[in-house]
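Hi,

Here is the structure I promised to pass on. Have a look at it first, and my notes on one of its sheets follow underneath.

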Amino acid sequence: MRLPTVEDIERRIPRPEDFQSRARGTQLTARVGVALGIAFGLCFLTGLWSHAQYDPPGWLPIGPQPTQLYRVTQGLHVLSGIAAIPLLLVKLWSVFPRLFIRPPTSSWRELAVEGLERASIGALVGSSVFMLASGLLNIAQWYPWDFSFRATHYAVAWIAIGSLIVHIAVKLPVIRRGLGAQIDHPEQHLDPDAVARRTVLVGAFASAGLAVLLTAGQTVPFLRRLSVFAVRDGQGPQDLPVNRTAKAAGAVEGATDPAFALEIVVGGRTVTLDRDQLLALPQRTHRLPIACVEGWSRNAVWTGVAVRDLIAMAGGDPASEVTVRSMQTRGAFRTSVLPSQFVEDHRTLLALELNGEPLSLDHGFPCRIIAPNRPGVLQTKWVRQLEVTS
Amino acid sequence: MRAARFILGAIGVGFGLWGLWLMRDFTGQQLVSTGVWLAGGILVHDAVLAPVTVGLGVLASRLLPGHFRAATSVAFLLWATLTVVFLPVLSGQGGKPDNDSILNRPYLASWLVLTGVLAGAAIIAGLRRRAHASGAAATAED
């Protein structure tokens, strides 16, 4: 009886050539990789766009047109991320044996190069899984971590895309060879029962497509019935899903106070209007979407007073920036800023009705903001004050 | 070509460093949690998901008749990857108890149907392949 030596253990660890499936191969990896790269690129760009919509940089004045823009970009963001999950799993499966390549022992230089490449692949795999897992959990409002989702999902996105670009640079000759070669070996037919690479490729694409079809109904209306795995089915009070209830936002007390009156602050002057006075003002009705960062969206018919009319009535310039303050006592986004290009648009409403009924409490009673092309979280509910801030 | 690859690599390294720089104000707790999730993803894949998949593949190639191999592989690919995608909605976690407009579908029932359909499709495809193969063999003998 002796203790196992390092050599004994090494012998028990599989080697790349121990993996027998002939379906693996550069031809498959390169093809799945191209699809995965496209999904990641789309996801990254739409993600950057979403951050720009949350905090518009000065040089990019995002406006109310096109009305459905954020709905489309954020829907694409979530769906490209979902499509990437099966593609990533198949891609990792196709190269799994390479994990067991023994480090080169010929020279320190080779060892260093191998180490660097391994590190870049570690960064790529870690950040890719991180992005897809954190995004997937976030859309189900499940946050089993101690980091800030928004800041971390954004920072790690740069690591994921950066390490993907490094990976493409390193592997470019291999990718070209893989794409240039026929996907299956001409002698494939010698074993009629073997799984062909084409079969795996078609399976990976089918899985990505099915994953999209079975979840896209939360943003694509005609898929709603088919998307049995969507986080949202489009239903909710007044035919519209709710992201945060009045109870969760700590807004019940303020919102149901019979003494409620909206404050409109222009310069040093404050005008107050209760809900009946708001209802007595000229009303406008528009069909506008709620488009959430979590990738769900739905159009609804909103009736209320245009914010520009309220500002003008209080003596302000209807092309001003307006800060909106909510009665909610919990959670982020209690305050939002409507840039002047949104205030100017007569479709930017302080809504009082939704789909022909008075707003329900969870949709922002007594009044809420609804504007075209805005992330849902900036469509402030339970509004108590509008202030002209520039 | 070499120069283009070099430039591409440099851009990638720059992007990655920018991502790290964005974390400069994270608290220790946030950094630890981020690190756990980054490393955890690699570990869960390389130490659990991938070995289990390879193990099942080896098992299937020993136990299943050849005719069923391709169909079973594709069905498993679809089933396993889709199950990963649907894990959050199947978990019963997430959402809030006072909000019934989220996670409001019978996900488990849908997943059982999906599992059944894929298993059924694999069996039917395998049987048809066997029938086809024995038919071809019979024709060859005639």
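**Notes on a sheet in chain A**

β5(A) pairs with β6(A) in the antiparallel sense, over four bridges. Within that pairing, A:Thr323 has A:Val337 of β6(A) as its bridge partner. Before going on, please keep in mind that this is a predicted model.

β5(A) also pairs with strand β10 (residues 383-388) of chain A, antiparallel again, this time over five bridges. If you want a spot to check there, A:Arg325 stands opposite A:Gln385 in β10(A).

How much of strand β5 is buried? Four of the five residues of this strand (322-326, chain A) are buried, taking buried as under 20% relative accessible area, so the rest of the structure largely encloses the strand.

Now for the whole sheet. It is an open one of five strands in chain A, running in the order β2-β1-β10-β5-β6, and its pairing is mixed. Which strands stand at the edges? Those are β2 (269-273) and β6 (335-338) of chain A. Each has a single partner strand, so one side of each has no neighbour in the sheet. From one strand to the next, the twist averages 20 degrees.

Over at the β2 edge, strand β1 (residues 262-266) of chain A and β2(A) pair in the antiparallel sense over five bridges. A:Leu262 stands opposite A:Leu273 of β2(A).

As a reminder for when you look at these pairs, strands of a sheet pair through backbone hydrogen bonds, either parallel or antiparallel.

Cheers

Conventions:
Residues are numbered from 1 along each chain as its sequence is written. Chains are lettered from A and ligands numbered from 1 in the order in which they are written. This is a predicted model: local features need pLDDT of at least 70, side-chain atom pairs count only at pLDDT 80 or more; totals for chains, interfaces and linings use all residues. Side-chain values use heavy atoms; hydrogens and water are left out. Two strands pair if DSSP finds at least two bridges between them. Helices (H or I, at least four residues) and strands (E, at least two) are DSSP runs, numbered from the N terminus. Axes are lines fitted to C-alpha atoms, for helices over the stretch in contact, and angles run from 0 to 180 degrees between N-to-C directions. Buried means under 20% relative accessible area, exposed over 50%, partly exposed in between (1.4 Å probe, protein chains only).
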